[in-house]
Amino acid sequence: MSQPPRLPYGSPTTLSSISENFALHSSLESFITARTLAFQKAYPHLADARSPIRAKVLNRDVAILSSYHHVRQILCDDTIRSCLSSSQAYDELMAPFFPPPNLLLLDPPDHQVRKQIWLEKMSTLKSDIQPLIHCCVLVHFRNTPSGSLVDLYESMKSLSWRILLSIFLQREDNGNVDDAAEIEALHEDLLRGQFSLFPFSINTPFWRSPRSKGLQARQQLQSRLQSKVTRGKCPFAVGDPEDGRDIANHLLLFTSSLAAKALASLLMAVLLDLFLFDQAGTPLSTKLRSTGDPKQRSSYIQSMVSEVERLSPPVVGIMRRTTQDVVLRSEGDLAPPTLVPQGWDIWLYFLGAGRDHAAFGEAAESFVPGRYFDTHSPQQEGFAFGAGAKTCLGKGLIRTIAMAVVESCLGQAQTSESTNAPMIDLQGDGGELPVGVQGWLGWQPKVKPEDWARDMKQLPTQRPRKPVMVKIQHQLAA
């Protein structure tokens, strides 16, 4: 006999929404895990490790989904997708800062039409993108003296800006671009305004709110980017003026601080795994450098990058808003279905879904670099780029960047500048990484929520709260 659907666990009040809002911003993992444990204690006979959780954020009802099964339903079930809206969910958070039309905010059927247009535009980048990325990496590390102790996240953020601006604004590898620093600074103002907990735009002679500064930064960026598009300083062919405006709008997304920080988060995790993860006493970098078969080496790097995406997605989740009541089935229909009423927001928590034991087995929380190496036994991927019709447009590009960065560090890049290019090694500063950071990387399973909250920032992208210092070493390639 079928069970009636029930609302997600929790009954927050309007008065509690302020505290819930700050708790959610402080640590999503701690917020969700605490409520899951409370659910298991209150309903032991229904206890499900990743039950939907109800929250009240900015006075809105939110259903937080962290099971692989539920997240995949939202992203891939066409019947459910027809009852959801991206644009309504992001109207307050994104639309004022990234004006439509853009792919992020579009719903079907307009989304499918415009995505096909942009898939064709992005395909023009593939022919010469890898040599450009290799050159960016070489220049970046040549500017970092061997033996230097650096904050790895800040280093990867600098590299990410260099790569993204080189790709999308045709920045020269030597950094000689007249307004790169200004573009980065304006994007930082935009991001601070977008994620400000003070959601009002106030502009007075004595004080301006972060939102007001962010909106002004967006206007200035749009003007600069439109000018670059008009002058041919972007890689996309421009048709009529409307096409030019569309390209400028999307360049605002592609070169955003959010994009640079997300890429930096991914590259940081990849390099920590590559150089500091101890697999049977041998770093992965040593194993890969000793692999004679280039195809095998490339396949293993791809597997490692996919595993990083699963465990450590830079953006921990996305939102949808229900336009009709939505009923979500449980895995195997073992628990009652979940009702998400019309008008609620749904937060898809990718970090939790990527570590769901029901989908990834006993080692779900552990870093297994060869998990995706055996193509004869295909594994489910995580959700770093979403899934289904709204899979991130940049999925292929970001994977190409990550692969090229690893190849460059290993001394395997083949470019006109790769002759005498040094191999790169990263060494720890002598201390262990904080427990929460090890949990983020999948080096230590079952990390407590308080450790996550103490050691990791999760919004707007994931990164350690305190600098992770590493020593950069240059070695001449054999």
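Student: What covers the buried residues of H7?

Tutor: In this predicted model, H7 is mostly covered, with 10 of its 14 residues buried. The buried set includes Ile129, Ile133, Val137 and Phe141. The elements that cover the buried residues include helix H8 (152-168), helix H17 (395-410), S11 and S14.

Student: What length does H7 reach from its first C-alpha to its last?

Tutor: H7 has 14 residues, and the span expected at 1.5 Å a residue is 20 Å. The span in the model is close to that expectation, at 20 Å.

Student: Where does glycine 147 lie, and is this residue buried or partly exposed?

Tutor: Glycine 147 is found in the loop between helix H7 (129-142) and strand S4 (148-151). Buried residues have under 20% relative accessible area. Because its relative accessibility is 36%, glycine 147 is classed as partly exposed.

Student: Which residues is glycine 147 in contact with, leaving aside its neighbours within four places in sequence?

Tutor: One residue to consider is aspartate 425, which is 278 residues from glycine 147 in sequence. The C-alpha atoms of these two residues are 9.9 Å apart in space. Once neighbours within four places in sequence are set aside, the contacts of glycine 147 are with Lys471, Ile472 and Gln473.

Student: How do S11 and S14 run relative to each other, parallel or antiparallel?

Tutor: Strand S11 (residues 422-428) is mostly covered, five of its seven residues being buried. Proline 422 has leucine 476 in S14 as its bridge partner. Seven bridges join S11 to S14, and their direction is antiparallel.

Student: Which side chain makes a polar contact with the side chain of glutamine 475?

Tutor: Glutamine 475 belongs to strand S14 (residues 469-476) and is partly exposed, at 35% relative accessibility. Beyond residues up to four places away in sequence, glutamine 475 touches Pro422, Met423 and Asp425. Glutamine 475 and aspartate 425 are 50 residues apart in sequence, with 7.6 Å between their C-alpha atoms. At 2.3 Å, the side-chain partner in the polar contact is aspartate 425.

Student: In what order do the five strands of the open sheet stand?

Tutor: The pairing in this sheet is mixed. Strand S1 (53-57) and strand S3 (84-85) each have a single partner strand, so one side of each is left without a neighbour in the sheet. With those two strands at the edges, the order is S1-S2-S10-S7-S3.

Student: Which residue in the hairpin of S1 and S2 takes a positive phi?

Tutor: S1 and S2 run antiparallel and are joined by five bridges. Among the pairs, lysine 56 has aspartate 61 in S2 as its bridge partner. The hairpin has two residues between the strands, and the residue with a positive phi, near 50°, is leucine 58.

Student: Which residue in S10 stands opposite leucine 65?

Tutor: S2 is mostly covered, with five of its six residues buried. Strand S2 (residues 60-65) pairs with strand S10 (residues 345-349) in the parallel sense, over four bridges. Opposite leucine 65 in S10 stands leucine 348.

Student: At about what angle does helix H3 run to S10?

Tutor: Helix H3 (residues 68-76) lies across several strands, namely S2, S3, strand S7 (317-322) and S10. Relative to S10, the helix runs at about 120°.

Student: Which element gives the most residues to the largest nonpolar core?

Tutor: The largest nonpolar core has 126 residues, and those with the most contacts inside it are Phe168, Phe236 and Leu251. The greatest contribution to this core, 12 residues, comes from H12. Leucine 251 is in contact with residues including Phe168, Leu225, Val229 and Phe236. The element asked for is H12.

Student: Which backbone oxygen lies 2.9 Å from a polar atom of the side chain of serine 256?

Tutor: Serine 256 sits in the loop between helix H11 (241-254) and helix H12 (257-276). Because its relative accessible area is 4%, serine 256 counts as buried. Leaving aside neighbours within four places in sequence, serine 256 is in contact with Phe98, Trp161 and His187. The backbone oxygen at 2.9 Å is that of leucine 253.

Definitions and conventions: Residues are numbered from 1 along each chain as its sequence is written. This is a predicted model: local features need pLDDT of at least 70, side-chain atom pairs count only at pLDDT 80 or more; totals for chains, interfaces and linings use all residues. Side-chain values use heavy atoms; hydrogens and water are left out. Buried means under 20% relative accessible area, exposed over 50%, partly exposed in between (1.4 Å probe, protein chains only). A polar contact is a pair of N or O atoms within 3.5 Å; within protein, one must be able to donate a hydrogen and the other to accept it, and residues adjacent in sequence count only if both atoms are side-chain atoms. Contact means heavy atoms within 4.5 Å. A nonpolar core is a set of buried Ala, Val, Leu, Ile, Met, Phe, Trp, Tyr and Cys residues joined through side-chain atoms within 4.5 Å. Two strands pair if DSSP finds at least two bridges between them. Axes are lines fitted to C-alpha atoms, for helices over the stretch in contact, and angles run from 0 to 180 degrees between N-to-C directions. The expected span of a helix is 1.5 Å times one less than its number of residues.
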